[in-house]
Amino acid sequence: MASALSYVSKFKSFVILFITPLLLLPLVILMPAKFVRCAYVIILMAIYWCTEVIPLAVTSLLPAVLFPLLKILDSKQVCVQYMKDTNMLFLGGLIMAVAVEHWNLHKRIALRTLLWVGAKPAQLMLGFMGVTAFLSMWISNTATTAMMVPIVEAMLQQMQATSPATEAGLGALELSDKNKAGELPGSQVTFEGPSEVQQADCDRRRICKAMTLCVCYAASIGGTATLTGTGPNVVLLGQMHELFPASKDVVNFASWFSFAFPNMVAMLLLAWLWLQCVYMRSSFKKFWGCGLQSRNREKVAYEVLREEYRKLGSFSFAEANVLLCFLLMVGLWFSRDPGFMPGWVSLAWEDGKTKYATDATVAAFVATLLFIMPSQRPQFNFRSQTEEERKAPFYPPALLTWKVTQEKVPWGIVLLLGGGFALAKGCEASGLSEWMGKQMEPLHSVPPAAITLILSLLVAAFTECTSNVATTTLFLPIFASMSRSIGLNPLYVMLPCTLSASFAFMLPVATPPNAIVFTYGHLKVSDMMKTGLIMNVIGVFCAFLAINTWGRVIFDLDRFPAWANVTNIET
């Protein structure tokens, strides 16, 4: 039996890669309609994305090949989807993230915040989660986790190394008390049994599990708060522009942040409470800093953090310039078109309904600025310069070089987004979206809240097995068609489902942050599944709460919008 399974797994990739297109071919032969040919491409790509027989980015190139060959779209119409306004927005955000990582600004922010929060285990966990979530809003979840977990691990190892010395000190104190007590008649001595040592070891393992899990959970949660924080958010923006061109700036950086940031905070607090209940409930007082051993543990943790911060040195000129560019980008994003007041775009870059500057314009501007701003202070005192300083160029090297950017930017995600936008365009052009909408018309009798909840749970389950970007790319066009056919505001379904695509908490392979923390050896798969299942429920519940409360007000979800009308889209 084992040999048969190994034989099957040996040829699995070959079978999926070459046999799947042939098995799906009768679909096109028996029903040669245009929308069926489009469905053939989508099903094939979904299988390749889920199984990853070829890289995700390479699968994303299939529309550029198959859409022209199957006469769904011509090559020019397909290829233009791979570098849209949304791709430029995401690329600008990625380049900003590279600059932050390159000059270690993210590490300085993290350590400074943790030193301020305090070293009690419960507070420290909340501090780690808050810092990780904040950084994950601006740089990739993977990079944030890869930076934070070594800090957590160094702190845990130092605490473990100092615990025997603490126990030895406590043991000597007990022995001294025992001898004194022996001199008194009728005295009783309580000996420290092996159960207490086992309990201490169990508590240590629980702390390790909680501290590592909190980082990967916070990284996934934090990315949902900003439009460029994670791939699914960018996919939503691109799909809105593609499927509903008249929607314009309904979803922009400011509107998304005002909707998703409170949801992120609520999720973060509930996740912290859940981890406290699961891993620290047996010693709640101890983990809140009561007792000699807890104070020693706090001191060790604080010293580790302070030593890591000291290694960074003083705040450099380059870090100051990166921080300036970062604040400039965020400020321009928020003030471009805030909604409650005219933004700077209305000063000179708005003509009727046309807005010439978008969030992508800001991202491209700041990304370009990073290749211009100096990384060192320019020297203006020419008289006192040394011979080497005279030979050096007057203008110092820039904050970023193209070599560094080329190495660190994940270019595959740009192709992945482009492939998703090409699929959305193909669905509209072939009539597949209209066909799917008609099939879902019976859902009109189902309450909208129930539809949203069920679909959010479906996406949260599906994203455990495949890429979150691929998940949103596949599902959002279907949900948009369904919403339009039953007269429901598309954002009422698309927003919570986009958030749910980031709730991959159960499996080590579900998302890179989970895989990173799993490699440190503190966790078993059962630990992640047990804790992650409730985390998925918490995530879907928070998204459901957000869309039915403040989300209704921000996006006016109680009425069917004019931009979602089929006639409006066709014109």
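Which residues make the nonpolar surface patch of about 880 Å²? In this predicted model, the patch is formed by Phe11, Phe14, Val15, Phe18, Ile19, Leu22, Leu23, Leu25 and Ile29. One of these residues, Leu25, belongs to helix α2, which spans residues 12-30. Leu25 has a relative accessibility of 34% and therefore counts as partly exposed, since the partly exposed class lies between the limits of 20% and 50%.

Open space in the model was examined next. The largest pocket encloses about 920 Å³. Its lining comprises 42 residues, of which Thr142, Ile413, Asn468, Val469 and Pro512 lie closest to the pocket centre. Several helices contribute to this lining: at least two residues each come from α4 (56-59), α7 (85-102), α10 (141-182), α21 (412-430), α24 (468-485) and α26 (512-518). The greatest contribution is that of α7, which provides six residues. In terms of residue class, 22 nonpolar and 16 polar residues are found in the lining of the largest pocket, together with four charged residues.

Enclosed space is also present, as three cavities of 30 Å³ or more. The largest cavity has a volume of about 70 Å³. Its walls are provided by Val100, Leu105, Ile109, Phe134, Leu135, Trp138, Ile139 and Phe326. Helices α8 and α9 (121-136) each supply at least two residues of this lining. The class composition of the cavity lining is eight nonpolar residues, with no polar and no charged residues. For the largest pocket, by comparison, the lining includes 16 polar and four charged residues.

Charged side chains were then considered. The structure contains 15 salt bridges. Among them is the pair formed by Arg108 and Glu319, whose closest N and O atoms are 2.7 Å apart. This pair connects distant parts of the chain, with Arg108 in helix α8 (residues 105-117) and Glu319 in helix α16 (residues 317-336), at a separation of 211 residues. Arg108 has a relative accessibility of 7% and so counts as buried. Glu319 likewise counts as buried, because its relative accessibility is 4%. Both assignments follow from the cut-off for burial, which is under 20% relative accessible area.

Another salt bridge links Glu307 to Arg310, with 2.5 Å between the closest N and O atoms. Both residues lie in helix α15 (residues 292-311); because they are three residues apart, about one helical turn separates them. Glu307 counts as partly exposed, at 34% relative accessibility, whereas Arg310 is exposed, with a relative accessible area of 54%.

A further intrahelical pair consists of Lys438 and Glu434, whose side chains meet in a salt bridge at an N to O distance of 3.7 Å. These two residues are four residues apart in helix α22 (residues 432-439), and are therefore separated by about one helical turn. In addition, Lys84, Glu242 and Lys425 are joined into one network by salt bridges that share partners.

Conventions:
Residues are numbered from 1 along each chain as its sequence is written. This is a predicted model: local features need pLDDT of at least 70, side-chain atom pairs count only at pLDDT 80 or more; totals for chains, interfaces and linings use all residues. Side-chain values use heavy atoms; hydrogens and water are left out. Patches are made of residues with over 30% relative accessible area and no salt bridge: like charges are joined within 9 Å, nonpolar side chains (Val, Leu, Ile, Met, Phe, Trp, Tyr) within 5 Å. Accessible areas come from the Shrake-Rupley method with a 1.4 Å probe; for residues, only the protein chains shown count as cover. A salt bridge is a side-chain nitrogen of Lys or Arg within 4 Å of a carboxyl oxygen of Asp or Glu. Buried means under 20% relative accessible area, exposed over 50%, partly exposed in between (1.4 Å probe, protein chains only). On a 1 Å grid over the protein atoms alone, a cavity is a set of points where a 1.4 Å probe fits but cannot get out, and a pocket is an open set with protein on both sides within 12 Å along at least five of seven lines; lining residues have an atom within 4 Å of a point. Grid points are joined across faces, edges and corners, and a volume is the space filled by probe spheres set on the points. Ala, Val, Leu, Ile, Met, Phe, Trp, Tyr, Cys and Pro count as nonpolar, Asp, Glu, Lys and Arg as charged, and the others, Gly among them, as polar.
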